[in-house]
Protein chains: 2
Amino acid sequence: MGSPWKALSDDNRRKILLLLGKKDNMIPTEIAEHFKSTLPAISIQLRILKEADLIAERKLGKNRLYSLNRKKSLKLVEFFEDMYDYKLNSLKEYVENKEKKKKNNEN
Amino acid sequence: MGSPWKALSDDNRRKILLLLGKKDNMIPTEIAEHFKSTLPAISIQLRILKEADLIAERKLGKNRLYSLNRKKSLKLVEFFEDMYDYKLNSLKEYVENKEKKKKNNEN
DNA sequence: TATATAGTTATAGAACTATTTTAATATTAT
DNA sequence: ATAATATTAAAATAGTTCTATAACTATATA
């Protein structure tokens, strides 16, 4: 398991996360269209994000679908909570509800 | 101005931030006591955190006092908000109140 | 002024990171 | 089977980061 903080430290990787925040189940080719760099480069960034558990990968035919792992990102927000000695329950509840809704919508 | 995400990507630097979250106005020597590494190494980590605007430096005699810049950290939480398309007002208000209290206590 | 203290800066080596090009693999379609 | 497509893997290169040691700067004190 790679460090999620290292994974977040790259501009392109954070941009990928924002893309996946807007749209789940994107394929590498589609993601690469938003960047200047090559598909192999994007593939590596996706692997780093996956190894940091920030995104999830699903194989479907010859495609690989990538989606945000929202729960992991929440873990990172906990660092800021610790820094402020503050509990951020509202965000947790919000995301957990959103996850449930998503599951229900997936046929 | 250095990248705050790069600054956060190092374990020791995040540990420094947690230390400063518990106690403001720490000096490098005091911070270094919490680590295995040398004072020059800590000094460089503090510089990186300062250049990322995550901490503030104040000179007092031959000492340098370091404190968290809570507002900057909040900016980073906004990234997670963007990813979730969610506004985290409660945390903002909390930290802003805390800043005011701190200022009032500093005679 | 001399000395001690607190801290930074310079430098060098090891380890890590990112990107590109080229090749390899897996799946689907013909 | 063969070709086409989507994607990862490998190898080479370039650049960055971290740490330690040594040298330097600034302040305080005797």
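This briefing describes how two domains of chain A meet and how the protein surrounds two DNA strands.

The model is a predicted one. Chain A is assigned a domain 1 that covers 1-68 and a domain 2 that covers 70-107. Around DNA strand D there are 24 residues, and 24 residues likewise surround DNA strand C. Sugar and phosphate make up 82% of the atoms of DNA strand D that come within 4 Å of the protein, and 75% of the corresponding atoms of DNA strand C.

**The two domains of chain A**

- Ten residues of domain 1 of chain A are in contact with seven residues of domain 2 of chain A, and the two domains bury about 750 Å² between them, with 62% of that area on carbon and sulfur atoms.
- One salt bridge is found across the interface of domain 1 and domain 2 of chain A, and the side chains of A:Arg70 and A:Asp24 meet in a salt bridge with an N to O distance of 3.8 Å.
- For polar contacts across the interface of these two domains, the rule finds zero residue pairs with both residues at pLDDT 80 or more.
- On the side of domain 1 of chain A that touches domain 2 of chain A, the elements giving two or more residues are helix 1 (4-8) and helix 2 (11-22) of chain A, and helix 1 of chain A supplies the largest share, three residues.
- Sorted by class, that side of domain 1 of chain A consists of seven nonpolar, one polar and two charged residues.

**The surface near DNA strand D**

- The residues that come nearest to DNA strand D are A:Thr29, A:Ser43, A:Tyr66, B:Gln45 and B:Gly61.
- A polar side-chain atom of A:Tyr66 is placed 2.7 Å from a phosphate oxygen of DNA strand D, while from chain B a polar side-chain atom of B:Arg13 lies 3.1 Å from a phosphate oxygen of this strand, and an N or O atom in the side chain of B:Thr38 is 3.3 Å from a phosphate oxygen of DNA strand D.
- Two or more residues of this surface come from each of helix 3 (28-32), helix 4 (39-51) and strand 2 (63-68) of chain A, and from each of helix 2 (11-22) and helix 4 (39-51) of chain B.
- Helix 4 of chain B gives the largest share of the surface near DNA strand D, five residues, and by class the surface has nine nonpolar, eight polar and seven charged residues.

**The surface near DNA strand C**

- The closest residues to DNA strand C are A:Gln45, A:Gly61, B:Thr29, B:Ser43 and B:Tyr66.
- An N or O atom in the side chain of A:Gln45 is 2.8 Å from a phosphate oxygen of DNA strand C, whereas from chain B such an atom in the side chain of B:Ser43 is 2.5 Å from a phosphate oxygen of DNA strand C, and a polar side-chain atom of B:Tyr66 lies 2.7 Å from a phosphate oxygen of that strand.
- At least two residues of this surface are supplied by each of helix 2 and helix 4 of chain A, and by each of helix 3 (28-32), helix 4 and strand 2 (63-68) of chain B.
- Helix 4 of chain A gives the most to the surface near DNA strand C, with five residues, and by class this surface has nine nonpolar, eight polar and seven charged residues.

Methods
Residues numbered from 1 in each chain as written. Chains lettered and ligands numbered in written order. Predicted model: local features only at pLDDT ≥ 70, side-chain atom pairs only at ≥ 80, totals over all residues. Heavy atoms only, no water. Domains from an automatic or database assignment. Contact = heavy atoms within 4.5 Å. Buried area = accessible area lost by both parts, 1.4 Å probe. Salt bridge = Lys/Arg side-chain N within 4 Å of Asp/Glu carboxyl O. Polar contact = N/O pair within 3.5 Å; in protein donor to acceptor, adjacent residues only side chain to side chain. Helix = DSSP H or I, 4+ residues; strand = E, 2+ residues; numbered from the N terminus. Nonpolar A, V, L, I, M, F, W, Y, C, P; charged D, E, K, R; others polar. Near = heavy atom within 4 Å.
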